[in-house]
Amino acid sequence: MDRVARPLPGLLPRPPAARRGLRLARSSRLRRLLPLPLLLIAMSLSGCGGSGSGDESGVSDTPPLVAPPPAPAATPAPVAPVAVTVEEVTAQLEAPWSLVFLPDGSMLVTEKPGRLRRVDAAGRLSPPLAGVPAVHAVGQGGLLDVALSPAFDSDRMIYFTFAEPDAGGNSRAAVARAVLGESAISGVEVIYRQTPSLPSSLQYGARLVFDRDGHLYVTFGDRRLVDGVQDLTTTLGKVVRIFPDGRIPPDNPVFAQPGAVPGIWSYGHRNPQGAALNPLTGELWLSEHGPQGGDEINRVLSGRNYGWPRITYGRDYDTGLPLGEATTAPGVEPPLHYWVPVSIAPAGMDFYTGDKLPGWQGSLLVGALAGQMLVQLSLQGDSVVGETRHLQTLGERFRAVRQGPDGYPYLLTDSGRLLRVVPR
């Protein structure tokens with residue numbers, strides 16, 4: 001019975017004066033005036049407008065029009081940084097999104113336009129592998145994450161996420177698996193799809209992580225339809241946990257809401273673009289984009305609610321006023337770490353367990369898009385005790401972070417570079 005989760009309890013309505021600052025109120029007015037199909041189209045168009053999303057556009061680097069009050073002391077004092085630099089493996093990729101290392105030391109790299117390539121240790125790129133399905137390469141959509149099967153040595157299977165177009169012109173995040181060959185992938189099978197499919201091309205989430213028991217976690221963003229995040233009959237703003245063939249584990253949490261999707265592991269997420277398994281505990285950790293401020297690092301537990309859009313440190317893009325109802329509430333998991341008042345737009349992340357960067361072992365490494373840096377979070381257990389910012393002079397948006405078999409971190413940038421982080 002301790003696994004039964006229920007929707008967010010006990011929150012009082014926000015006073016009318018505060019409610020004026022809520023961007024969510026615009027969504028409520030649309031919902032009253034428009035039928036669902038027109039509502040979805042309107043929300044998609046608003047997501048592509050000039051204010052944009054701090055996740056991808058970097059709008060969150062612009063100071064708010066209304067100065068926010070002093071931020072809570074969310075970021076601990078920096079620890080003494082270990083000086084690092086980068087070595088360029090290649091600069092010939094186009095909009096790379098993720099990478100994974102193969103047993104021979106080469107890499108598979110996804111490119112958003114829909115290409116999957118091998119990259120060898122010398123930085124030589126293969127031609128695009130054949131067999132990749134059509135992707136919705138619009139906005140933040142495209143070919144996204146990639147992971148190896150836990151039994152890759154015997155089954156040669158890879159898993160990947162992509163924005164899947166549907167017959168109605170909408171798209172959704174989907175998870176597929178296929179067998180990796182020398183020049184192609186074969187036997188492509190979609191094993192899980194986000195619901196519903198929407199006209200928006202924003203905030204897919206779509207990171208993949210296998211746990212120690214072979215379960216597959218998939219992160220799904222809210223697609224800018226915030227009303228679906230606390231609704232357990234959708235997979236908007238959720239993390240799902242499935243078997244490698246797409247079936248639902250019987251020990252997944254059970255929710256009280258009628259019609260709840262059985263694959264849901266946690267909910268209340270905005271746009272989780274980074275995910276990694278804690279090597280000490282085996283638990284899933286996420287990096288999540290807030291709107292203007294309110295980016296988070298979360299420890300993701302079974303059946304828990306992470307608050308969005310009702311509980312958040314984020315602020316409205318246009319007014320700078322607080323979003324949601326509060327920053328904390330009973331029944332909502334607080335973030336382990338958060339960034340205010342300006343978003344860094346955290347993306348891919350990995351726990352560093354190597355020995356090539358003295359003083360970094362045990363740190364959580366997080367790539368930042370709008371912040372254009374590599375963030376090193378020092379940890380004590382599940383607590384963040386220090387933050388150090390690296391590589392800020394490169395001017396790169398760091399999309400993916402992955403520790404290599406050689407013990408060095410590797411980074412993908414939106415500009416098309418694959419970089420290895422080494423001591424200076």
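In this predicted model, a salt bridge joins the side chains of Glu189 and Arg177, with 3.0 Å from N to O. Glu189 belongs to strand β9 (residues 185-193) and Arg177 to strand β8 (residues 171-180), so the contact ties together parts that lie twelve residues apart in sequence. The two partners can be told apart by their accessibility: Glu189 is partly exposed, with 35% relative accessibility, whereas Arg177, at 17%, counts as buried. That value falls on the buried side because the limit for this class is under 20% relative accessible area.

This pair belongs to a wider set, as the structure holds 21 salt bridges. Side chains of opposite charge can pair when their charged atoms come close. Another case is the bridge between the side chains of Asp251 and Arg241, again with an N to O distance of 3.0 Å. Here Arg241 sits in strand β12, while Asp251 is found in the loop between β12 (238-242) and β13 (254-255), so the bridge ties together parts ten residues apart in sequence. Asp251 is partly exposed at 38% relative accessibility, and Arg241 is buried at 5%.

A further salt bridge links the side chains of Arg124 and Asp120, at 2.8 Å from N to O. In this pair the arginine is the exposed partner, since Arg124 has a relative accessible area of 57%. Asp120, with 21%, is partly exposed; it escapes the buried class because that class requires a value under 20%. Salt bridges also occur as a network, which links Glu94, Glu111, Arg115 and Arg117.

Two members of that network reappear in the surroundings of Leu143, a residue of strand β6 (residues 143-148). Leu143 is buried, with a relative accessibility of 2%. Leaving aside residues up to four places away in sequence, Leu143 touches a set of residues that includes the network members Glu111 and Arg115. Also among the residues in contact with Leu143 are Trp97, Thr110, Lys112, Gly114 and Leu116. Val132, Val135, Phe160, Thr161 and Phe162 are likewise among the contacts of Leu143. As for Ala174, which lies 31 residues from Leu143 along the chain, the C-alpha atoms of the two residues are separated by 10.0 Å.

Attention now turns to the aromatic side chains. The structure holds eight aromatic pairs. One of them is formed by Tyr192 and Phe220, whose ring centres are 6.0 Å apart and whose planes stand at 20 degrees, so the pair is stacked. Tyr192 lies in strand β9 and Phe220 in strand β11 (residues 216-220), and the pair thereby links distant parts of the chain, 28 residues apart. Strand β9 is also the strand that carries Glu189 of the salt bridge described at the outset. Both rings of the stacked pair belong to buried residues: Tyr192 has a relative accessible area of 11%, and Phe220 has 0%.

Strand β11 takes part in a second aromatic pair as well, this time through Tyr217. Tyr217 and Trp265 are arranged edge-to-face, at 5.6 Å centre to centre and with 75 degrees between the planes. With Tyr217 in strand β11 and Trp265 in strand β14 (residues 264-267), the pair ties together parts that are 48 residues apart in sequence. Tyr217 and Trp265 are both buried.

The last region considered here is an open sheet of four strands, in the order β15-β16-β17-β18 and with antiparallel pairing. Its edge strands are β15 and β18 (337-339), each of which pairs on one side only. On average, neighbouring strands of this sheet are turned by 20 degrees against each other, with direction ignored. Strands of a sheet pair through backbone hydrogen bonds, either parallel or antiparallel. At the β15 edge, five bridges join β15 to strand β16 (residues 284-288), and the two run antiparallel. Pro272 stands opposite Glu288 in β16.

Strand β15 (residues 272-277) also contains Gln273. Gln273 is buried, with a relative accessibility of 2%. The side chain of Gln273 is joined to that of Arg399 by a polar contact of 3.0 Å.

Technical notes: Residues numbered from 1 in each chain as written. Predicted model: local features only at pLDDT ≥ 70, side-chain atom pairs only at ≥ 80, totals over all residues. Heavy atoms only, no water. Buried < 20%, exposed > 50% of the residue type's maximum accessible area, 1.4 Å probe, protein only. Phe/Tyr/Trp six-rings, centres within 6.5 Å; stacked < 30°, edge-to-face > 60°. Polar contact = N/O pair within 3.5 Å; in protein donor to acceptor, adjacent residues only side chain to side chain. Pairing = 2+ DSSP bridges. Axes fitted to C-alpha atoms, helices over the stretch in contact; angles between N-to-C directions. Contact = heavy atoms within 4.5 Å.
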